[in-house]
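Open the model in your viewer and colour it by secondary structure. The stops below say what to select and what is there.

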Amino acid sequence: MNASGKIKVLLAYRNMNMKQLAACLHISQQRLSSKMLKNSFKEEELVEIAGVCDATFECTFTLNDTKRII
């Protein structure tokens, strides 16, 4: 699932809609919709979205052979 899909799930869990999220992020709903459509989020934006939704954003790589998390 891409970031936009995960954001939609997160919003559902938090009973929020795109308009509310856009307001919390201080951006227009149109801009948020465009970012969702293009799936064009920077890591900093995902961290901010997580904060607004009282969640934690984690982005990691795990090496398959050693299970080391980078």
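Of the chain's 70 residues, 26% count as buried. The model is a predicted one. Keep the whole chain selected for the moment. Its accessible surface comes to about 5,400 Å², and carbon and sulfur atoms hold 52% of that area. Along the principal axes, the C-alpha atoms fill a box of roughly 45 × 25 × 20 Å.

Now switch to a cartoon view. The chain has 4 helices and 0 strands, so the order of elements from the N terminus reads α-α-α-α. Take the contacts between residues at least 6 apart in sequence: 43% of these join residues at least 24 apart.

Next, show the charged side chains. There are 10 positive and 7 negative ones, and the centres of the two sets lie 8 Å apart.

**First stop: a salt bridge**

Which residue forms a salt bridge with Lys-35? Select Glu-45 as the partner: the closest N and O atoms of the pair are 3.3 Å apart, and the cut-off for a salt bridge is 4 Å. Lys-35 belongs to helix α3 (residues 29-38) and Glu-45 to helix α4 (residues 43-52), so the pair ties together parts that are 10 residues apart in sequence. The count of salt bridges in the model is 1. Are Lys-35 and Glu-45 buried or exposed? Both residues are buried.

**Second stop: the cysteines**

Select Cys-53 and show its sulfur. How many disulfides does a search of the whole structure find? The result is 0. For Cys-53, the closest cysteine sulfur is in Cys-24, at 7.7 Å, which is too far for a bond, because a disulfide needs two cysteine sulfur atoms within 2.5 Å. Cys-53 itself counts as buried, with 2% relative accessibility. Add Cys-59 to the selection. Cys-59 is in no disulfide either; the nearest cysteine sulfur to it is that of Cys-53, 18 Å away.

**Third stop: two asparagines in loops**

Go to the loop between α1 (3-13) and α2 (18-25) and select Asn-15 there. Its phi is near 50°, a positive value in a residue that is not glycine. Asn-15 counts as exposed, because its relative accessibility is 69% and the cut-off for exposed is over 50%.

Then move to the loop between α3 and α4, where Asn-39 is found. Phi of Asn-39 is near 50° as well, again positive in a residue other than glycine. How does Asn-39 count by accessibility? At 30% relative accessibility, Asn-39 is partly exposed.

**Last stop: a lysine in helix α3**

Select Lys-38, which has its place in helix α3. Lys-38 counts as exposed, because its relative accessibility is 59%. To finish, add Met-1 and show the C-alpha atoms of both residues. Lys-38 and Met-1 are 37 residues apart along the chain, and their C-alpha atoms are separated by 14 Å.

Conventions. Residues numbered from 1 in each chain as written. Predicted model: local features only at pLDDT ≥ 70, side-chain atom pairs only at ≥ 80, totals over all residues. Heavy atoms only, no water. Salt bridge = Lys/Arg side-chain N within 4 Å of Asp/Glu carboxyl O. Buried < 20%, exposed > 50% of the residue type's maximum accessible area, 1.4 Å probe, protein only. Contact = heavy atoms within 4.5 Å. Areas by Shrake-Rupley, 256 points an atom, 1.4 Å probe, with all protein chains shown as cover. Lys, Arg positive; Asp, Glu negative; His and termini not counted. Charge placed at Lys NZ, Arg CZ, Asp CG, Glu CD.
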